[in-house]
Amino acid sequence: MILAFFFLFVVSASVAVGPTHGATSEFYSHWGDGQAEISSYAVVQPRYGELRSGHSVLIFVTEELNRQTLIKVESAQPADQRIYVLKLNNVLKFNTGIYDYSVMTSVFSAVEGYEGGPGFELCKVTLSAQEWCGHVFDEGRIRNGQLQGALNSYFEKEGRRDYQIDLPDRFEAEDHLLIRIRELAGPWMEPGETRQVRLLSSLWSFRVKHRPHRLVDARLTKGPTASKTVSGTEYRAVPWTWSTEGGTKTVWVEDTHPRRILAWQDSEGGSGELVKSIREPYWRLNSNADAIFRERLEIP
């Protein structure tokens, strides 16, 4: 989604920025090629006290946001009004009895920093969830050291409301961790290292539990590289675990390039395993003939 000429610009710009900002020419040569990484997963999702089978698709792609609106740039904009981001669209689908859930979380990570922070700094996270009762939209934007959010829900007790959370130095968002732990700009933590952070749980977890948005204390650990078998294939993988008073989740990341998300498991019984992964400009693959790519990804 980034034009070829822009790739040349951002490479030279990243060199000029220097080592304080993390992305390198290696990052741009891979992620600035105008394609998206699309990975499908077999998922077990807890809901209403039971485990449900479903599927997930993680789509990672680069694009530009307007610095003021945090909306995708699709017109002529000055360079200083653009933010180059790595976007994750996290799609989750599963059934509960007669009806189904369709959920997507979008995470926007500023490759060269956003509000003075290091590379891969969260600037926006959104969630939309649909099921037969109705739908919900939740958006949080980082502004002036705060998470400034707006929720629009079909539930009366949630309704339409705004929320603001002051962000401490050791703030992390669980949805953004799926970008952080890929360490696309080099090591973020050392093997065996543990950090205490203030964590914004996933927007989906707030939706499921119908709780107000808040930060919780979390313990984040990067484990040592070890063998991990996923969907019958053996990988060398790095386990990342975060624990809160509400439970524990572990995500395994491929140890070598392109450092994909391989699998996850949580203390509530939820899990996911990589099925297939491709790199394609998916926004062009919209004809009936392109359904073959769904078959390649083994998406139901």
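# Glu183 and its surroundings

User: Is Glu183 buried or exposed?

Analyst: Glu183 counts as buried, because its relative accessibility is 7%, which falls under the 20% cut-off for that class. Please keep in mind that this is a predicted model.

User: Where along the chain is Glu183 found?

Analyst: Glu183 belongs to the loop between α3 and β10. Its backbone deserves a remark too, since phi of Glu183 is near 50°, a positive value in a residue other than glycine.

User: Which side chain meets Glu183 in a salt bridge?

Analyst: The side chain of Lys222 does, with an N to O distance of 3.1 Å. Because Glu183 lies in the loop between α3 and β10 while Lys222 lies in strand β11 (residues 215–222), the pair ties together parts that are 39 residues apart in sequence. Glu183 and Lys222 are both buried.

User: Which residues are joined into one network with Glu183?

Analyst: Lys222 and Arg259 are joined with Glu183 into one network, through salt bridges that share partners.

User: How many salt bridges come out of the count?

Analyst: The count comes to 16 salt bridges. One of them joins the side chains of Arg182 and Glu37, at 2.9 Å from N to O, and this pair links distant parts of the chain, with Arg182 in the loop between α3 (174–180) and β10 (194–200), Glu37 in strand β1, and their positions 145 residues apart.

User: Buried or exposed, those two, Arg182 and Glu37?

Analyst: Arg182 counts as buried because its relative accessibility is 0%, and Glu37 is buried as well, with a relative accessible area of 3%.

User: And what about Arg195, which residue does it form a salt bridge with?

Analyst: Arg195 forms a salt bridge with Glu193, and the closest N and O atoms are 2.9 Å apart. Here Arg195 is buried at a relative accessible area of 19%, whereas Glu193, at 24%, counts as partly exposed.

User: Switching to the core: which residues touch the most other members of the largest nonpolar one?

Analyst: Trp240 and Ile261 do, in a core of 68 residues. Strand β3 (residues 82–96) supplies the largest share of this core, namely seven residues. Another core, of ten residues, lies apart from it and includes Ala36, Val57, Ile59 and Val91.

User: What is Trp240 in contact with, leaving aside sequence neighbours?

Analyst: Beyond four places in sequence, the contacts of Trp240 include Ile181, Trp188, Met189, Leu220, Val251 and Val253. Glu183 and Lys222 are also among the contacts of Trp240, so the residue touches both partners of the salt bridge discussed above.

User: OK, strands. How do β1 and β16 pair?

Analyst: Strand β1 (residues 36–47) and strand β16 (residues 271–280) pair in the antiparallel sense over nine bridges, and Ser40 stands opposite Lys276 in β16. Strand β15 (residues 261–266) also runs antiparallel to β16, joined by three bridges, with Gln265 and Ser271 as bridge partners.

User: How many residues sit between the strands in the hairpin of β15 and β16?

Analyst: Four residues lie between these strands, and in this hairpin Gly269 takes a positive phi near 100°.

User: What kind of peptide bond joins His257 and Pro258?

Analyst: A cis peptide bond joins them, with omega about 10°, and Pro258 is found in the loop between β14 (247–254) and β15. As background, most peptide bonds are trans, and most residues other than glycine have a negative phi.

User: What is phi of Phe120 near, then?

Analyst: Phi of Phe120 is near 60°, a positive value in a residue other than glycine. Phe120 is found in the loop between β4 (99–110) and β5 (121–131), and it counts as buried because its relative accessibility is 8%.

User: Last thing, how many disulfides are counted?

Analyst: The count comes to zero disulfides. As for individual cysteines, Cys123 counts as buried at 0% relative accessibility, whereas Cys133 counts as exposed at 56%.

Definitions and conventions: Residues numbered from 1 in each chain as written. Predicted model: local features only at pLDDT ≥ 70, side-chain atom pairs only at ≥ 80, totals over all residues. Heavy atoms only, no water. Pairing = 2+ DSSP bridges. Helix = DSSP H or I, 4+ residues; strand = E, 2+ residues; numbered from the N terminus. Core = buried A, V, L, I, M, F, W, Y, C linked by side-chain atoms within 4.5 Å. Buried < 20%, exposed > 50% of the residue type's maximum accessible area, 1.4 Å probe, protein only. Contact = heavy atoms within 4.5 Å. Disulfide = S-S within 2.5 Å. Salt bridge = Lys/Arg side-chain N within 4 Å of Asp/Glu carboxyl O.
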